[in-house]
Amino acid sequence: MILSTIIFGLVLGGIYALIAIGLTIQYGVARIMNLAYGELVILGSFATFLVVTKTGLNPFLALLIVAPIGFVFSYALYSIIMEPLEKRSKNRGQLEVDSILVTFGLLFFIEGSLALVFGGGFTGYTWLEKVVDIFGAKIELSRVIGAVFALVIGATLYILMKKTHWGMAMRAIATRPQNAIFVGIDQSKYARFAFALGGALATVGGVVLSMYQPFTPTLGVFFTMKALIIIIMGGVGNLAGTIVAALILGLVETFVSAAVDPGLTLAATYAIFLSVLIWRPQGLFSRA
Amino acid sequence: MGPYRGCETISICYINFCKYNLGRFAMISINRRTALKAAGITAASVTTGLSSFAQTVAPIKMGYIISKTGVNAPGAGTTTIPNYELWADDVNKAGGLMMPDGKRRPLEMITYDDRSLTEEVVRGVERLVQQDKVDFILPPWGTGFNLAVAPLLDRFGYPHLVASSLLPTRLDPIQKWKNSFWFLGASEEYAASLAKAISNVGTTTNKQVALLSVADGFGIALAAEMVKALEAAGIKIVLNKSYPIGTQSFATLLSEAAASGADTFVACSYPPDTFALTKQARLSAYNPKIFFTGVGTGFPIYPQINEGKVEGVMSLGGIDASRPTMKAYIERHKAVTTKTPDYWGSPMVYTSLQMLEQAIARKGLDKAAVSNEIRTGTFDTIVGKVKLVGNRTPDNWLLGQWQNGVFVGVEPSNLEGAGKAVIPKPAWGG
């Protein structure tokens with residue numbers, strides 16, 4: 001029982017991680033607090049639905065189409081809307097406030113557009129109707145795939161961040177934005193790329209999500225909030241922290257549900273969130 | 001129908017709060033304009049569509065405000081809005097609404113979006129009454145929203161036809177709001193009918209139930225009634241747990257239910273949970289003798305996302321699919337709205353509109369007379385002849401079961417067209 005609870009928790013946490021990685025990159029490097037992030041996840045789900053039902057491709061191949069769309073879309077978004085904001089803002093605080101307001105509007109725009117095109121009801125398709133048995137825990141294969149995706153993407157990005165020049169520049173901007181410019185890092189180039197990458201990752205989350213659950217245009221906010229809690233817990237811009245925080249969240253939710261009461265999962269989530277904010281406001285894994 | 005609404009998490013509440021407050025800044029300048037524009041477009045489309053009428057006969061104005069966006073949109077978009085559109089289309093294809101003098105008048109529909117905010121729905125109804133001066137108002141979607149507008153409609157004297165909310169426990173509509181009419185019955189009736197179905201099959205089940213419920217209006221109320229009705233029938237509840245809205249994984253809860261020893265599974269759930277629970281149960285081959293889930297089970301997408309493998313699943317509602325008017329309704333619904341109706345609320349929404357239409361044909365536009373006619377008259381509808389008793393439909397499908405691709409009503413078993421409950425349900429699969 002405990003073993004299967006751990007497995008369920010890790011898989012749930014893995015899915016949360018998949019959703020949160022993109023946001024931590026967007027917020028950490030591009031410094032855009034993207035409240036429309038969840039809508040981009042859902043956009044990815046709807047795009048997958050279209051590709052799967054219109055072309056008959058399987059969702060994995062759809063990923064190869066949808067993720068680049070997410071990248072291009074976010075790239076354009078940054079260039080057209082965010083960059084002027086970034087240029088105008090005098091400090092980080094102002095950029096955050098401005099980006100919150102702008103992406104807040106964007107949230108409605110995307111949600112409304114999706115509702116207009118697809119209607120407000122549930123959309124979904126069936127695929128990969130399989131369950132895997134991991135140490136006695138029967139769990140949907142598509143969810144396991146989602147969790148594995150998160151780990152692979154997380155690990156790849158982590159290595160890139162640590163080992164490449166590109167990654168070093170990204171980290172420089174994330175941790176010491178005011179100094180990065182002195183060592184010749186083109187901040188807006190990297191910010192644009194980071195925002196687009198985050199957008200692509202959001203749509204990857206959407207692809208995985210669509211594999212196992214029906215979705216509606218209004219589901220996005222839910223993912224934005226989950227992702228926000230996770231990236232703040234893990235330390236903004238901190239990849240490893242994000243993944244660990246997501247796994248902790250998944251484990252806690254599952255354990256509280258199994259051992260205490262399912263009604264208290266939310267309370268537990270916010271209790272952890274609050275304790276992190278009180279004792280380690282910079283995040284679990286960031287140096288102050 | 002439950003209020004599948006509100007706060008998916010505390011944080012969504014916060015976002016909704018922000019939506020509301022930020023929305024207000026924009027609304028002062030934008031909303032009035034867009035609303036006017038929208039009204040203009042509506043009027044324009046009606047006049048172009050029915051130009052010959054519009055010049056000679058003034059249209060009958062109706063309006064509704066409903067959740068086109070926000071957390072309630074999926075429910076409203078499945079059960080209610082398509083029926084409003086279908087009905088308006090049916091009426092205008094017939095040449096308009098029949099009046100007592102035998103002449104037809106075109107129907108003009110004014111619609112607003114409440115963005116899933118109760119404050120908005122109240123304001124919208126006031127607007128429909130005071131500015132748009134509509135002749136009749138169609139109700140919003142969901143328990144909370146209907147309860148929010150009930151006092152208002154009562155005060156303005158409009159008939160209120162509620163087909164997307166259970167009657168709150170032990171509320172006498174005639175006492176409370178004289179002109180409110182309830183088309184879905186009350187939660188205690190649904191609970192009692194499930195208890196009856198379990199009792200009917202004697203020792204086929206071990207008379208033990210695992211009960212899950214979503215911690216929100218509908219789930220709390222229905223679960224409470226379930227406990228009462230089941231225990232009264234000598235059925236033991238061996239697991240009783242509630243979970244918060246927005247729960248993402250039901251794996252642990254289902255393994256607990258499976259381990260509880262109960263062979264009847266009951267979930268008073270909302271659509272996303274209903275879908276997730278069913279899928280998890282099906283894929284992990286958890287196959288209790290009775291598998292009962294809440295709102296969403298009767299939705300057209302339910303069999304689709306389960307590859308049609310939902311034979312034997314039970315839920316609230318159901319239809320009599322053998323009735324020709326019902327078959328014709330389903331076909332028309334598909335053709336006009338490109339969607340399949342849900343098998344619980346949808347037919348009752350359409351039924352309520354048919355009753356309104358016929359009451360207008362008999363009494364004209366006098367709201368009090370129309371209300372009185374709805375209360376006392378007999379109407380010919382897609383679910384057969386309907387005469388309200390105590391402002392409520394006396395014969396509702398309380399328990400349905402998926403049988404051969406149709407969600408058939410099985411309780412009350414004495415209703416015309418009732419299917420026979422299949423217990424134990426067959427295995428998921430094939």
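**View 1. Where chain B meets chain A.** Just one residue pair is counted in polar contact between chain B and chain A, with both residues at pLDDT 80 or more. This is a predicted model, so take that pLDDT filter as part of the count. As for salt bridges across the interface of chain B and chain A, the rule finds zero. On the chain B side, the elements giving two or more residues to the touching surface are helix H1 (10–49), H3, strand S9 (236–243), helix H9 (251–259), helix H10 (271–283) and helix H11 (301–305). Sorted by class, that side of chain B comes out at 20 nonpolar, 15 polar and seven charged residues. The size of an interface is often given as the accessible area lost when the parts come together. Here chain B and chain A bury about 3700 Å² between them, and 67% of it is on carbon and sulfur atoms. In residue terms, 42 residues of chain B are in contact with 42 residues of chain A.

**View 2. Ser249(B), a loop residue that touches chain A.** Look for Ser249(B) in the loop between S9 and H9 of chain B. Setting aside neighbours within four places in sequence, Ser249(B) is in contact with Leu12(A) and Arg143(A). Within chain B, a polar atom of the Ser249(B) side chain lies 3.4 Å from the backbone nitrogen of Ala251(B). For a sense of scale, Leu167(B) is 82 residues from Ser249(B) in sequence, and their C-alpha atoms are 31 Å apart in space.

**View 3. Helices H3 and H12 of chain B, packed together.** Two packed helices are described by the angle between their axes and the distance between the axes. For H3 (residues 73–93) and H12 (residues 324–337) of chain B, the angle is about 95 degrees and the axes are 10 Å apart. That angle therefore makes H3(B) and H12(B) roughly perpendicular to each other. From H3(B), the contact takes in Pro82(B), Asn83(B), Leu86(B), Asp89(B), Asp90(B) and Lys93(B), while H12(B) brings Tyr329(B), Arg332(B), His333(B), Val336(B) and Thr337(B). The contact of H3(B) with H12(B) is a mixed bag by class: four nonpolar, three polar and four charged residues.

**View 4. Helices H1 and H9 of chain A, crossing.** H1 (residues 2–28) and H9 (residues 220–234) of chain A have axes that come within 8 Å and cross at roughly 70 degrees. H1(A) and H9(A) are therefore roughly perpendicular to each other. The H1(A) residues in the contact are Tyr16(A), Ile19(A), Ala20(A), Leu23(A), Thr24(A) and Tyr27(A). Facing them from H9(A) are Phe223(A), Thr224(A), Lys226(A), Ala227(A), Leu228(A), Ile230(A) and Ile231(A). By class, the contact of H1(A) with H9(A) has 10 nonpolar, two polar and one charged residues.

**View 5. A salt bridge along helix H3 of chain A.** Side chains of opposite charge can pair when their charged atoms come close. Lys87(A) and Glu83(A) do so here, with their side chains meeting in a salt bridge at 3.4 Å, N to O. Because Lys87(A) and Glu83(A) are four residues apart in helix H3 (residues 59–88) of chain A, about one helical turn separates them. Over all chains, the count by this rule comes to 21 salt bridges.

**View 6. Backbone oddities in chain B.** Most residues other than glycine have a negative phi, and most peptide bonds are trans. Arg115(B) has a positive phi, near 50 degrees, despite being a residue other than glycine. Arg115(B) sits in the loop between strand S4 (107–113) and helix H4 (118–130) of chain B. The peptide bond from Glu411(B) to Pro412(B) is cis, with omega near 0 degrees, and Pro412(B) is in the segment after strand S16 (406–411). Ile423(B) and Pro424(B) are also joined by a cis peptide bond, with omega about 0 degrees. Pro424(B), too, lies in the segment after S16 of chain B.

Definitions and conventions:
Residues numbered from 1 in each chain as written. Chains lettered and ligands numbered in written order. Heavy atoms only, no water. Axes fitted to C-alpha atoms, helices over the stretch in contact; angles between N-to-C directions. Parallel < 35°, antiparallel > 145°, perpendicular 65-115°, else oblique. Contact = heavy atoms within 4.5 Å. Nonpolar A, V, L, I, M, F, W, Y, C, P; charged D, E, K, R; others polar. Buried area = accessible area lost by both parts, 1.4 Å probe. Salt bridge = Lys/Arg side-chain N within 4 Å of Asp/Glu carboxyl O. Polar contact = N/O pair within 3.5 Å; in protein donor to acceptor, adjacent residues only side chain to side chain.
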